[in-house]
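Visitor: Please pick one part of this model and take me through it slowly. I would like the cut-off behind each term as you go.

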Amino acid sequence: MAQTKAKCQFKEKCQQFWNEGDIDDDNCLSPGEVRKVIRKVCQKELTDAEIADMFLELDDDGDRKLSFEEFSEVIEQKNPKLIEESELMAKFKEIDGDGSQKLTKAELKEAFDDLEINIDDATWDAIIDASDKDGDDKISYPEFLKAWSCS
């Protein structure tokens with residue numbers, strides 16, 4: 001249930017970014033509009049060439065316009081297990097505000113709040129319980145990796 005709610009909120013957030021990016025309101029994103037959206041949401045600085053490559057990869061029909069279907073299809077098909085471990089380590093360190101090498105409920109909640117994804121306390125407790133294998137009410141990096149690979 002928690003995963004379904006989080007997935008719905010993620011889809012809603014993607015739709016929000018899509019709507020903000022569709023400046024001319026034509027239900028498609030041009031390469032320039034995609035560049036603006038990516039620069040707004042992507043923490044990693046990407047070059048125009050990298051963004052153009054991403055656009056071309058997403059533009060299935062080659063019409064130089066990205067439909068929401070093309071965009072969302074890629075997001076929904078993304079296999080979380082294919083994310084590079086270095087990306088996960090970087091995200092773990094980013095969330096680990098106190099540098100303890102363990103994520104607390106407060107740190108996780110803050111990270112999701114920053115993304116405007118609201119999860120209630122009972123759901124957070126269930127997430128921590130499911131991920132925390134050593135019972136310290138925190139998630140270590142190995143526990144984080146294991147939870148990610150099961151998603």
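Guide: Happy to, and one definition comes before anything else: a salt bridge here is a side-chain nitrogen of Lys or Arg within 4 Å of a carboxyl oxygen of Asp or Glu. The model is a predicted one, so local features need pLDDT of at least 70 and side-chain atom pairs count only at pLDDT 80 or more, while totals for chains, interfaces and linings use all residues. Residues are numbered from 1 along each chain as its sequence is written, and side-chain values use heavy atoms, with hydrogens and water left out. Helices (H or I, at least four residues) and strands (E, at least two) are DSSP runs, numbered from the N terminus.

Let us look at helices H6 and H7. Asp121 and Lys105 form a salt bridge in which the closest N and O atoms are 3.8 Å apart. This pair links distant parts of the chain, with Asp121 in helix H7 and Lys105 in helix H6 (residues 105-114), 16 residues apart. For exposure, buried means under 20% relative accessible area, exposed over 50%, and partly exposed in between (1.4 Å probe, protein chains only). Both partners fall in the middle class: Asp121 is partly exposed, with a relative accessible area of 41%, and Lys105 is partly exposed at 25%. The pair also belongs to something wider, since Lys105, Lys109, Asp121 and Asp125 are linked in a network of salt bridges. As background, side chains of opposite charge can pair when their charged atoms come close.

Now for H6 itself. Its buried residues include Glu107, Leu108 and Ala111. These cover an arc of only 100° around the axis, which puts them on the same side of H6; the arc is that of the directions from the helix axis to the C-beta atoms. The face of H6 turned away from that buried side carries the exposed residues Ala106 and Glu110. Just beyond, H6 is followed by Glu116, whose phi is positive, near 60°.

H7 spans residues 121-131, and its buried residues are Thr123, Trp124, Ile128 and Ser131. Their arc around the axis is only 135°, which puts them on the same side of H7. Ala122 and Asp129 are exposed on the other side of H7. The general rule behind such patterns is that an α-helix has 3.6 residues a turn, so residues three or four places apart point the same way. At the start of H7, a side-chain oxygen of Asp120 reaches to within 3.2 Å of the backbone nitrogen of Ala122. That belongs with the polar contacts, meaning a pair of N or O atoms within 3.5 Å; within protein, one must be able to donate a hydrogen and the other to accept it, and residues adjacent in sequence count only if both atoms are side-chain atoms.

On either side of this pair of helices there is another charged link to follow. The side chains of Lys102 and Asp136 meet in a salt bridge, 2.5 Å from N to O. Lys102 sits in strand S3 (residues 102-103) and Asp136 in the loop between H7 and strand S4 (139-140), so the pair joins distant parts of the chain, 34 residues apart. Lys102 is partly exposed at 22% relative accessibility, and Asp136 is partly exposed at 28%. Next to Lys102 in the numbering is Gln101, in the loop between H5 and S3. Phi of Gln101 is near 65°, a positive value in a residue other than glycine, and Gln101 counts as exposed at 60% relative accessibility.

Helix H5 (residues 85-95) offers a local pairing: Lys91 forms a salt bridge with Glu94, with the closest N and O atoms 3.2 Å apart. Lys91 and Glu94 are 3 residues apart in H5, so about one helical turn separates them. Lys91 is partly exposed at 31%, as is Glu94 at 47%.

To set the scene around this part, the count comes to 6 salt bridges. The protein chain has 8 helices and 4 strands, and of its 151 residues, 29% count as buried.
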